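Subject: Structure for you to look at

Hello,

Here is the structure I said I would pass on. My notes on what was found in it follow below.

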Amino acid sequence: MATRTTVEKAAAERVTHKRARPRRNELGVFGGLAHLALFVWALLVIVPLLWTFLSSFKNNTELFGDAWSLPAELRWENWGRAWDRAQVGRYLLNSVIVVAFGTAGTMLLGSMAAYVLARYRFPGNRAIYYLFVSGMAFPVFLALVPLFFVVKQFGLLNTHFGLVLVYIAYSLPFTVFFLTAFFRTLPTSVAEAAMMDGCSHTRTFFQVMLPMAKPGMISIGIFNILGQWNQYLLPLVLLPADREKWVITQGIADISTIAGYESDWPGLFAALSMAIIPVLLVYIIFQRQIQSGLTAGALK
């Protein structure tokens, strides 16, 4: 009887092993396809960036001759011409100022709103949360005309302060959506212990809960920096007249137009490279923090 039971168990294990083998093979095929798709996607991103950087050191003859050839020499005068004559330095400084204040305001207001919506129960909690979330479904270009007149009536047209306020308003929905889910994963016992020790709600948030949400704050902060740095429609509408206050996206568009008339395509690619480098450095430096923040929010 014992021998029969052993034989039956062995047969069942063989059947289970045969059923599991195709499953592993299937996963291997999907894994290979996923790696292939990621490789193709990496090429689609990296190749244009490398081509832009290499083109910034070429002259017009090399650009319109063999576009994929390496530059004969490193022509740094292309970068100097873009920096001085095209005023890329001023545009970069304006972008840094606007994005710095816009991201700081977004993170401060967004984290406070998300913490309250995630931790406190009051009438209208869900309604306010859904109002924030609905802002992500509202296209920017639909609000450009009324937004122009609203900012103009407040006397903030052609000012960096007005652009910063609009950046904050349009970045808040996703920030609140992301951080609300993250704050819900934090342990309630820590906040309760802080309150028992005499901490106020404000002190509990800034000194206890906000440091615990650091991975999520870094992740959403980088997303806000990238989104605001690459914004073009809002600066185009809110900073139409004063060239001295233009941000980098407006400057690049203007340089592109001028390059078509002056045939200064190397200068255009040099300006594009200068606009890409700061964002690329930010992502490279904070890459691990972004991944850890997204993973922490998912695992908790």
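In this predicted model, Leu163 touches Val98, Leu234, Pro235, Leu238, Leu239 and Val247, leaving aside residues up to four places away in sequence. Leu163 is also one of the residues with the most contacts inside the largest nonpolar core, along with Val88, Leu234, Leu238 and Ile248. That core has 35 residues. Two or more residues each come from helix 3 (77-84), helix 4 (88-119), helix 6 (144-153), helix 7 (160-185), helix 11 (233-238), helix 12 (248-262) and helix 13 (265-285). A second core, separate from this one, has 19 residues, among them Met107, Tyr115, Ala118 and Leu210.

Now the charged pairs. The structure holds 5 salt bridges.

Asp264 pairs with Arg81, with 2.9 Å between the closest N and O atoms. Asp264 is in the loop between helix 12 and helix 13 and Arg81 is in helix 3, so this salt bridge ties together parts 183 residues apart in sequence. Asp264 is buried at 18% relative accessible area, while Arg81 is partly exposed at 22%.

Glu244 and Arg90 form another salt bridge, again with the closest N and O atoms 2.9 Å apart. Here the loop between helix 11 and helix 12, which holds Glu244, is tied to helix 4, which holds Arg90; the parts are 154 residues apart in sequence. Glu244 (37%) is partly exposed, and Arg90 (41%) is partly exposed.

Glu62, Glu73 and Arg75 are joined into one network by salt bridges that share partners. Within it, the side chains of Glu73 and Arg75 meet at 3.9 Å, N to O. Glu73 is partly exposed at 47% relative accessibility, and Arg75 is buried at 9%.

Regards

Conventions. Residues are numbered from 1 along each chain as its sequence is written. This is a predicted model: local features need pLDDT of at least 70, side-chain atom pairs count only at pLDDT 80 or more; totals for chains, interfaces and linings use all residues. Side-chain values use heavy atoms; hydrogens and water are left out. A nonpolar core is a set of buried Ala, Val, Leu, Ile, Met, Phe, Trp, Tyr and Cys residues joined through side-chain atoms within 4.5 Å. Buried means under 20% relative accessible area, exposed over 50%, partly exposed in between (1.4 Å probe, protein chains only). Helices (H or I, at least four residues) and strands (E, at least two) are DSSP runs, numbered from the N terminus. Contact means heavy atoms within 4.5 Å. A salt bridge is a side-chain nitrogen of Lys or Arg within 4 Å of a carboxyl oxygen of Asp or Glu.
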